[in-house]
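This report goes through a structure from the surroundings of its ligand to its domains and a pair of helices. Please keep the sequence and the coordinates at hand while reading.

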Amino acid sequence: MWLAENWKDYEVIDCSAGEKLERWGDYVLVRPDPQVIWDTPKSAKGWRNRNAHYHRSNRGGGEWEFFDLPNQWSIRYRNLTFHLKPFRFKHTGLFPEQAVNWDWCGEKIRNADRRIQVLNLFAYTGGATLSAAAAGAYVTHVDASKGMVTWAKENAAASGLKDAPIRWIVDDCVKFVEREIRRGNHYDAIIMDPPSYGRGPKGEIWKMEESIHGFLQLCCKLLSDKPLFVLVNSYTTGLQPAVLAYLLGVELKRYGAKVTADEVGLPVLSSGLVLPCGACGRGVME
Ligand SMILES: C[S@@+](CC[C@H](N)C(=O)[O-])C[C@H]1O[C@@H](n2cnc3c(N)ncnc32)[C@H](O)[C@@H]1O
């Protein structure tokens with residue numbers, strides 16, 4: 001499993017009975033996690049002394065219960081700073097397990113030792129964008145939500161990357177990729193972390209399992225003459241590492257890509273076990 005194990009400001013303290021207990025900097029949160037189907041004793045004191053607790057509702061969705069949490073705070077990962085705030089669907093503004101992909105992309109870009117053009121799709125609050133930019137890449141960051149793009153820009157500024165060569169785009173990812181193909185633009189590296197279900201700014205519907213194959217084929221048309229890598233992350237249950245590996249293997253065959261895929265996970269402090277957090281496939285061409 002690919003483990004995000006280099007955090008200092010974040011940790012999973014414990015997990016039990018459908019919930020995880022996490023430390024985000026100075027604050028402890030309890031959030032639901034459907035993977036946690038075991039029911040071990042909740043002996044860590046954070047379970048009682050939490051700063052906020054997201055309760056899942058039987059009707060879908062849920063709501064935050066606050067004890068002592070600021071409206072916004074920040075945490076650091078290596079040289080990057082991220083603003084956090086509790087908002088809809090249990091989100092905080094960061095998927096900490098993705099740090100393992102940020103490190104991997106950053107290293108690939110640095111080792112390439114040339115100017116790398118990166119396309120980051122479904123880019124959320126910019127974790128992969130910032131790690132790629134910090135490694136020296138030129139990055140195009142695309143997300144359907146204006147609010148998310150604004151948040152990602154704030155993270156860039158907080159990370160000292162305000163003037164880094166990042167193009168911020170609010171658009172539907174499929175529409176944007178189609179437009180880039182028509183414009184004749186190319187990228188050396190493509191990163192994507194699509195949701196299972198999402199919507200573009202004009203209500204365009206994205207369904208991971210139905211859309212991913214055709215979308216990956218489109219994205220391959222954007223690859224440069226000297227591509228570096230394609231990374232696809234998935235939180236969709238049906239898209240296991242082997243499926244991602246096969247998908248990337250087929251579509252990147254003509255580039256002679258070396259494909260690897262695995263689960264992504266977070267270490268759990270109390271038990272030494274690993275919390276699975278989805279799957280990732282990586283195709284490397286250089
Ligand atoms: C939260 S991230 C993905 C993280 C994780 N994979 C998940 O399932 O929650 C998903 C991002 O994709 C964006 N998004 C959803 N549908 C989109 C679309 N059709 N085009 C562009 N961005 C989209 C959302 O605004 C969000 O920032």
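## Surroundings of the ligand

In what follows, Ala, Val, Leu, Ile, Met, Phe, Trp, Tyr, Cys and Pro count as nonpolar, Asp, Glu, Lys and Arg as charged, and the others, Gly among them, as polar. The model is a predicted one, and in it the shell around the ligand divides by class into 9 nonpolar, 4 polar and 5 charged residues. Of the 18 residues around the ligand, those that come nearest are Phe122, Ala144, Ser145, Pro195 and Gly198.

## Two domains and their contact

The domain assignment splits the chain into domain 1, covering 2-84, and domain 2, covering 96-284, and the C-alpha centres of the two domains lie 24 Å apart. Their contact takes 22 residues from domain 1 and 26 residues from domain 2.

On the side of domain 1 that touches domain 2, at least two residues each are supplied by β1 (2-3), β2 (10-16), β7 (73-77) and β8 (80-84), and β2 gives the most, with 6 residues. By class, the residues of this side of domain 1 are 12 nonpolar, 6 polar and 4 charged.

## Packing of α4 and α5

Helix α4 (residues 173-183) packs with helix α5 (residues 208-220) at an angle of about 30°, their axes being 9 Å apart. Since angles under 35 degrees count as roughly parallel, α4 and α5 are therefore roughly parallel to each other. The crossing in which α4 passes α5 is left-handed.

From α4, the contact is made by Val174, Val177, Glu178 and Ile181, and from α5 by Phe215, Leu218 and Cys219. By class, this contact of α4 with α5 has 6 nonpolar residues and 1 charged residue, with no polar ones.

How values were computed:
Residues are numbered from 1 along each chain as its sequence is written. This is a predicted model: local features need pLDDT of at least 70, side-chain atom pairs count only at pLDDT 80 or more; totals for chains, interfaces and linings use all residues. Axes are lines fitted to C-alpha atoms, for helices over the stretch in contact, and angles run from 0 to 180 degrees between N-to-C directions. Helices (H or I, at least four residues) and strands (E, at least two) are DSSP runs, numbered from the N terminus. Angles under 35 degrees count as roughly parallel, over 145 as roughly antiparallel, 65 to 115 as roughly perpendicular and the rest as oblique. A crossing is left-handed if the near helix is turned anticlockwise from the far one by less than a right angle, and right-handed if clockwise. Two residues are in contact if their C-beta atoms, placed from the backbone, lie within 7 Å. A residue is near a molecule or strand if its C-beta atom, placed from the backbone, lies within 6 Å of it. Domain bounds come from an automatic or database domain assignment.
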